[in-house]
Amino acid sequence: DNAGIVAFDDNHAVCFKVETHNHPSALEPYGGAATGIGGCIRDIIGTGLAARPIAATDVFCVGELGNESPPAGCLRPRRILSEVVRGVRDYGNRMGIPTLNGGVWFDDEYVGNPLVYCGCVGVMPRTAIEGDPRPGDRIIALGGRTGRDGIHGATFSSAELTDTHADEFSHAVQIGNAITEKKTLDAILEARDHAEGCIFTAITDCGAGGFSSAVGEMGEHLGATVQLERAPLKYAGLTPHEIWISEAQERMVLAVSSHRVPLLQSICDRHDVELCDLGEFGTPNSELILRFDDTEVGRLDMAFMHGGLPDT
């Protein structure tokens with residue numbers, strides 16, 4: 001799942017997620033670290049049938065603070081450290097999630113590429129540790145809007161940093177909004193704990209790859225039909241390809257029975273959370289079908305996407 005789950009007592013489980021956000025933090029330390037911890041928080045929310053994030057942690061590896069003349073294209077270690085500390089702290093605080101501990105390591109080997117580890121701890125009912133979409137469930141996106149920020153974020157994270165990356169990949173650093181994620185979290189937890197039972201059957205976050213990874217993972221065994229033009233956008237002009245792979249922050253994807261969508265909509269309205277219906281899980285041949293307006297723009301067999309191997 002999105003995080004590791006451990007039994008805690010008869011009624012509760014705890015889950016843990018850590019990840020790095022190194023390259024984004026090398027370009028824009030505050031935003032890189034903020035969206036790094038935001039991604040960990042999203043992963044906790046997207047585990048099982050949603051966990052409540054309760055604590056953050058971090059480890060930072062940067063150059064020696066006395067290094068005032070780093071190589072061309074590199075920020076000073078002192079600036080990087082102060083900004084990544086502030087990024088993790090501010091994002092968590094705005095969601096009511098304290099940063100309980102952290103660590104720092106100094107070495108000039110990290111001048112060109114600081115290591116920014118972020119982590120989050122969550123708690124959830126043991127009855128909510130698993131969820132799977134059902135045929136006919138609606139593909140519901142909650143939270144932030146889709147923009148170009150974060151496009152190629154995954155490929156940028158794996159690339160070798162050079163002194164030109166600030167110009168070439170500035171768009172790959174997502175723009176975080178902790179308040180949007182907090183409202184989305186509150187709506188999701190209310191839907192999970194509803195008196196009539198959990199309103200959704202599965203949930204995941206839009207991490208690397210955006211909707212492509214979220215819907216692609218959730219629809220592995222069922223297939224899915226996605227209407228990309230329905231996605232709320234930060235601004236006009238995005239292509240279907242950009243909408244599909246954008247890693248813009250604070251977006252969650254849920255599988256919801258069609259008759260329960262109005263109930264979820266009412267919860268989202270109370271929490272000022274935007275909801276959109278992107279399509280449906282389940283196709284006759286378990287295919288992923290992408291449409292934009294009245295045009296098919298993509299079709300792929302789910303079995304091939306998840307298990308396909310090149311001929312040897």
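This report describes one helix, a lysine in a strand, and several loop residues of a predicted model.

## Helix H9 and its two sides

Helix H9 runs over residues 261–270, and within this helix Val261, Leu264, Ile267 and Cys268 are buried. When one looks down the axis of H9, the buried residues fall within an arc of 120 degrees, so they line one face of the helix. On the other side of H9 the picture is the opposite, for Pro262, Asp269 and Arg270 are exposed there.

The cover over the buried residues of H9 includes helix H6 (178–192) and three strands, namely S6 (138–143), S9 (251–256) and S10 (275–281). Just after the helix, the chain reaches Asp272, which takes a positive phi of about 60 degrees.

## Lys17 in strand S2

Lys17 belongs to strand S2, which spans residues 12–20. Its side chain is joined to the side chain of Asp43 by a polar contact of 2.5 Å.

If the neighbours within four places in sequence are left aside, the residues in contact with Lys17 include Asn2 and Ala3, then Cys40, Asp43 and Ile44, and also Cys118, Gly119 and Cys120. Asp43 therefore appears both in this list of contacts and as the partner in the polar contact.

## The loop between H2 and S3

Gly46 lies in the loop that connects helix H2 (29–45) with strand S3 (52–62). Although it sits in a loop, Gly46 is buried, and its relative accessible area is 0%. Apart from neighbours within four places in sequence, Gly46 is in contact with Asp1, Asn2, Ile203, Thr204 and Met252. The C-alpha atom of Gly46 is separated by 23 Å from that of Asn22, a residue 24 places away along the chain.

Ala50 is found in the loop between H2 and S3 as well, and Ala50 is likewise buried, with a relative accessible area of 0%.

## Positive phi outside glycine

Most residues other than glycine have a negative phi. Against that background, Ala50 deserves a look, since it is not a glycine and yet has a positive phi of about 95 degrees.

Ser286 is another residue other than glycine with a positive phi, in this case near 50 degrees. Ser286 is placed in the loop between S10 and strand S11 (287–292). Whereas Ala50 is buried, Ser286 is partly exposed, with a relative accessible area of 25%.

Definitions and conventions:
Residues numbered from 1 in each chain as written. Predicted model: local features only at pLDDT ≥ 70, side-chain atom pairs only at ≥ 80, totals over all residues. Heavy atoms only, no water. Buried < 20%, exposed > 50% of the residue type's maximum accessible area, 1.4 Å probe, protein only. Helix = DSSP H or I, 4+ residues; strand = E, 2+ residues; numbered from the N terminus. Arc of directions from axis to C-beta. Contact = heavy atoms within 4.5 Å. Polar contact = N/O pair within 3.5 Å; in protein donor to acceptor, adjacent residues only side chain to side chain.
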